[in-house]
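Me: Please take one part of this structure and examine it closely. I should like a connected account that sets the part in the context of its chain and its neighbours.

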Amino acid sequence: MAFKMATTGMWVTDECKNSFMEMKWKKVHRYIVFKIDEKSRLVTVDKVGGPGESYDDLAASLPTDDCRYAVFDFDFVTVDNCRKSKIFFIAWSPTASRIRAKMLYATSKDGLRRVLDGISYEVQATDPTEMGIDVIKDKAN
């Protein structure tokens, strides 16, 4: 297994990049949730959502007391009636999570973002209202 170095000594597993590429090119995932294993210092895939899953499924899969990163493939139709897809990066850092986790996720985010090529927008959220589907739709249009 090979790894890419992220900032702050974190390593991003190939599984993260491979899952992202499958989502981006093959559309086999609607979303991917990533987590940091503090002991091994690896960023790993926590959960993947199948193509039939929704944004609500992604939001429901995020823990209320721990940080995560997520990417979501948002399909929409423009005012010109064109089908488009934009990939969102979500930095989830709920208020109830530990300070150490918040700091670790904040300092490692850019390293993961560099490995995941093709992200259109970023959303940072500390509670579900900050990452509601209306926020996603507003950014995509």
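Reply: The expected span of a helix is 1.5 Å times one less than its number of residues. Helices here are DSSP runs of H or I with at least four residues, strands are runs of E with at least two, and both are numbered from the N terminus. The model is a predicted one, in which local features need pLDDT of at least 70 and side-chain atom pairs count only at pLDDT 80 or more, while totals for chains, interfaces and linings use all residues. Residues are numbered from 1 along each chain as its sequence is written, and side-chain values use heavy atoms, with hydrogens and water left out.

The part chosen is helix α3, which covers residues 99-115. From first C-alpha to last, its 17 residues reach 25 Å, close to the 24 Å expected at 1.5 Å a residue. The helix nevertheless has a kink of about 40°, centred on K109. The bend at a residue is the angle between axes fitted to the seven residues ending there and the seven starting there.

The setting of the helix may be given briefly. The protein chain contains four helices and seven strands, arranged along the sequence as β-β-α-β-β-α-β-β-α-β-α. Its C-alpha atoms fill a box of roughly 50 × 35 × 20 Å along the principal axes. The radius of gyration, taken over C-alpha atoms, is compared with a globule rule of 2.2 Å times the number of residues to the power 0.38. For 141 residues a compact globule would have a value near 14 Å, so the 15 Å of the protein chain agrees with that expectation. Contact means heavy atoms within 4.5 Å; of the contacts in the protein chain with a separation of 6 or more, 59% join residues 24 or more positions apart.

Burial is the next matter. A residue is buried under 20% relative accessible area, exposed over 50%, and partly exposed in between, with a 1.4 Å probe and protein chains only. By this measure 43% of the 141 residues in the protein chain are buried. Within α3 the buried residues are A101, L104, Y105, S108, K109, G111, L112 and V115; K109, the centre of the kink, is thus among the buried residues.

Four positions in α3 illustrate the range of accessibility. S108 belongs to this helix and counts as buried because its relative accessibility is 1%. The C-alpha atoms of S108 and V12 are 9.8 Å apart, although 96 residues separate the two along the chain. A106, also in α3, is exposed because its relative accessibility is 54%; between its C-alpha and that of S93, 13 residues away along the chain, the separation is 8.6 Å.

K102 and R113 are likewise members of α3. K102 counts as partly exposed because its relative accessibility is 25%. Beyond residues up to four places away in sequence, K102 touches C67, S93, P94, T95 and S97. Its C-alpha lies 9.4 Å from that of R68, 34 residues away along the chain. R113, at 26% relative accessibility, is therefore partly exposed as well. Neighbours within four places aside, R113 is in contact with F89, I119 and E122. The C-alpha atoms of R113 and A59, 54 residues apart along the chain, are separated by 20 Å.

The interior completes the picture. In soluble globular proteins, nonpolar side chains tend to be buried together. A nonpolar core is defined here as a set of buried Ala, Val, Leu, Ile, Met, Phe, Trp, Tyr and Cys residues joined through side-chain atoms within 4.5 Å. The largest such core has 23 residues, of which F20, F34, V43, V71, F89, L112 and L116 touch the most other members. At least two residues of this core come from each of α1 (14-26), β3 (31-37), β4 (42-49), β5 (68-77), β6 (83-92) and α3. Helix α3 provides the largest share of this core, with five residues. Apart from this core lies another, of 17 residues, including F76, I90, W92 and A125.

One of the well-connected core members, V43, also reaches the helix under discussion. Residues up to four places away in sequence not being counted, V43 touches M10, W11, V12, T13, C16, F34, K35, I36 and L112, and L112 is one of the buried residues of α3.
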